[in-house]
Amino acid sequence: MAAAVAEGARLVANVEVDMKYYAKPEELAEASAVVFGSPTYYHDMTLPIKQMLEEAAKAKVHLEGKIGAAFGSYGWSGEAPQLILEILKNRFGMKTIEPVLTVIYTPSQAKLEECRKLGKTVAEKIVG
Ligand SMILES: Cc1cc2nc3c(=O)[nH]c(=O)nc-3n(C[C@H](O)[C@H](O)[C@H](O)COP(=O)(O)O)c2cc1C
């Protein structure tokens, strides 16, 4: 899913796309948009994503007004992307893209296309 989001974003000219497992606060601070991906484990986001958000909050990273989006696969409840999006919106003041993009277990070709679309939408919002 992340690869497809990145692929979609790369379709937009003058946008640099970085795909990372973990982004440090200063890396988040440099970005114009951040798209978080996390599967749902025990009704929550994965630990690295939670740690990344907590580290960014502690470091007082300014993400206000930047574009934020979230996606993830899940099995039966799938809360993680929505939990992430609420933090992006309410804690960091990001402009979020709704609804979040979720997939049950493994993305179909159609869902991968939705991922590409999400990436493209995010990138288009950056360049205006
Ligand atoms: C230990 C464990 C806990 C899980 N807990 C949830 C859960 O609470 N809700 C849910 O919707 N899916 C849950 N799942 C299913 C995963 O979200 C699903 O398999 C997802 O596609 C895993 O993505 P990944 O392969 O990228 O880690 C759980 C899976 C495992 C192995």
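## The second largest pocket

By class, six nonpolar, six polar and no charged residues line the second largest pocket; Gly counts among the polar residues, and Tyr, Trp and Pro among the nonpolar. A pocket here is an open set of points on a 1 Å grid over the protein atoms alone, where a 1.4 Å probe fits, with protein on both sides within 12 Å along at least five of seven lines; its lining residues have an atom within 4 Å of a point. The volume of the second largest pocket, the space filled by probe spheres set on the points, is about 200 Å³.

## Basis of the report

The model is predicted: local features need pLDDT of at least 70 and side-chain atom pairs pLDDT 80 or more, while totals for chains, interfaces and linings use all residues. Residues are numbered from 1 along each chain as its sequence is written, and side-chain values use heavy atoms, without hydrogens and water.

## The ligand

The ligand takes up the second largest pocket, in the sense that more than half of its atoms lie within 2 Å of the grid points. Residues around the ligand, with a heavy atom within 4 Å of it, include Tyr-41, Trp-76 and Tyr-105.

Polar contacts are pairs of N or O atoms within 3.5 Å. One ligand oxygen atom lies 2.7 Å from a backbone N or O atom of His-43, and a ligand oxygen atom is 2.7 Å from a side-chain N or O atom of Ser-73. A polar backbone atom of Gly-75 is 3.0 Å from a ligand nitrogen atom.

## The largest pocket

The largest pocket holds about 1000 Å³ of space. Its lining has 36 residues, of which Asp-18, Met-19, Lys-20, Val-34 and Val-35 are closest to the centre.

Note on methods. A polar contact is a pair of N or O atoms within 3.5 Å; within protein, one must be able to donate a hydrogen and the other to accept it, and residues adjacent in sequence count only if both atoms are side-chain atoms.
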